[in-house]
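Work through the following exercises with the sequence and the model open beside you. Try each task before reading its solution.

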Amino acid sequence: MHPETNLALHHLRAADLRTEADAYRLAISARVPRALRARLGWTLVEVGLRLASPSPSASRAAIALP
């Protein structure tokens with residue numbers, strides 16, 4: 001392949017990558033922040049896990065009963 005052809009292809013690909021990067025930056029800036037939603041979700045998961053697992057005092061009480 002001729003160097004000029006390779007260079008022309010390189011310039012085209014670089015321009016495509018710049019266009020994709022600009023589109024990505026615009027999409028990221030338009031996106032709604034989800035930090036509150038993520039924190040709420042993980043809090044609900046933690047509460048669910050606490051409710052699903054037996055408490056340490058309940059397991060001791062079960063052992064103390066005959």
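**Exercise 1. Determine which pattern of elements the protein chain follows along the sequence, and how confident this predicted model is in them.**

Read along the sequence, the predicted model follows the pattern α-α-α, which agrees with a count of 3 helices and 0 strands. Turning to confidence, the protein chain averages a pLDDT of 85, and 83% of the residues score at least 70. Among the elements, helix 1 has the highest mean pLDDT, at 94, whereas helix 3 (residues 56-64) has the lowest, at 61.

**Exercise 2. Find how many salt bridges the structure holds, and describe where the partners of each one lie.**

The structure holds 2 salt bridges, and they can be taken one at a time. As background, side chains of opposite charge can pair when their charged atoms come close.

Step 1: Asp 22 forms a salt bridge with Arg 25, with 2.6 Å between the closest N and O atoms. Both residues belong to helix 1 (residues 3-30), and because they are 3 residues apart there, about one helical turn separates them. An α-helix has 3.6 residues a turn, so residues three or four places apart point the same way.

Step 2: the second salt bridge joins the side chains of Glu 46 and Arg 50, at 2.8 Å from N to O. These two residues lie in helix 2 (residues 35-52), where they are 4 residues apart, about one turn of the helix.

**Exercise 3. Decide for each salt-bridge partner whether the residue is exposed or partly exposed.**

The cut-off needed here is that exposed means over 50% relative accessible area, buried means under 20%, and partly exposed lies in between. Asp 22, at 43%, therefore counts as partly exposed, while Arg 25, at 52%, counts as exposed. In the other pair, Glu 46 has a relative accessible area of 41% and is partly exposed, and Arg 50, at 60%, is exposed.

**Exercise 4. Work out how far helix 2 reaches, and whether it lies in the open or is buried.**

Helix 2 has 18 residues and spans 26 Å from its first C-alpha to its last, which is close to the 26 Å expected at 1.5 Å a residue. Of these 18 residues the number buried is 0, so helix 2 lies largely in the open. For the protein chain as a whole, buried residues make up 2% of the 66 residues.

**Exercise 5. Identify which residues form a nonpolar patch on the surface.**

Begin with the whole surface: the accessible surface of the protein chain comes to about 6500 Å², and 67% of it belongs to carbon and sulfur atoms. The nonpolar patch is formed by Met 1, Leu 9 and Leu 12, which together have about 370 Å² of accessible area. One of these residues, Leu 12, lies in helix 1 and is exposed, with a relative accessible area of 55%.

Terms used. Residues numbered from 1 in each chain as written. Predicted model: local features only at pLDDT ≥ 70, side-chain atom pairs only at ≥ 80, totals over all residues. Heavy atoms only, no water. Salt bridge = Lys/Arg side-chain N within 4 Å of Asp/Glu carboxyl O. Buried < 20%, exposed > 50% of the residue type's maximum accessible area, 1.4 Å probe, protein only. Patch = residues over 30% accessible without salt bridge, like charges linked within 9 Å, V, L, I, M, F, W, Y side chains within 5 Å. Areas by Shrake-Rupley, 256 points an atom, 1.4 Å probe, with all protein chains shown as cover. pLDDT = per-residue confidence, 0-100. Expected span 1.5 Å × (residues − 1).
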